[in-house]
Amino acid sequence: NNLTFLKSMLLKELLKTKGIKQVWIANKLGVSEVTVSKWCAGKSVPKKSHLEKLSQLLDVPVKTFVNI
């Protein structure tokens, strides 16, 4: 859906802007690189349990991913 697509585009842009690799995020969150790739492609979304840590790693408020 459009909401998932917007979140995936935001995640990809944040990773690119901050120079962060998907594999680094995956390692920090304890998920596979394939999982992060799916988030970036809009094929799935992070679980709530990952959103807070993801927002901390990217230095953005958690609501960045929740309130789109």
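Start by showing the surface of the whole chain: its accessible area comes to about 4600 Å², and carbon and sulfur atoms account for 54% of that. Keep in mind that you're looking at a predicted model.

Now switch to the cartoon view. What does the secondary structure come to? You should find five helices and zero strands. Walk along from the N terminus and the elements read α-α-α-α-α.

Next, select the C-alpha atoms and spin the trace around. Along its principal axes, the trace spans about 25 × 25 × 25 Å. How does the radius of gyration fit with a compact globule? A compact globule of 68 residues would come out near 11 Å, and this chain has 11 Å, so the two agree.

Time to look inside. Of the 68 residues in the chain, 32% are buried. If your viewer can draw contacts, turn them on for pairs with a separation of 6 or more: 57% of those contacts link residues that sit 24 or more positions apart in the chain.

For the last stop, select helix α1, which covers residues 2–18, and pick out Met 9 within that helix. Is Met 9 buried, exposed or partly exposed? Its relative accessibility is 36%, and because buried means under 20% and exposed means over 50%, Met 9 counts as partly exposed.

Keep Met 9 selected and add Phe 5 and Leu 6. Together, these three residues make a nonpolar surface patch of about 280 Å². Bring the surface back and colour Phe 5, Leu 6 and Met 9 to see where that patch lies.

Terms used
Residues numbered from 1 in each chain as written. Predicted model: local features only at pLDDT ≥ 70, side-chain atom pairs only at ≥ 80, totals over all residues. Heavy atoms only, no water. Patch = residues over 30% accessible without salt bridge, like charges linked within 9 Å, V, L, I, M, F, W, Y side chains within 5 Å. Areas by Shrake-Rupley, 256 points an atom, 1.4 Å probe, with all protein chains shown as cover. Salt bridge = Lys/Arg side-chain N within 4 Å of Asp/Glu carboxyl O. Helix = DSSP H or I, 4+ residues; strand = E, 2+ residues; numbered from the N terminus. Buried < 20%, exposed > 50% of the residue type's maximum accessible area, 1.4 Å probe, protein only. Rg over C-alpha atoms; globule rule 2.2 N^0.38 Å. Contact = heavy atoms within 4.5 Å.
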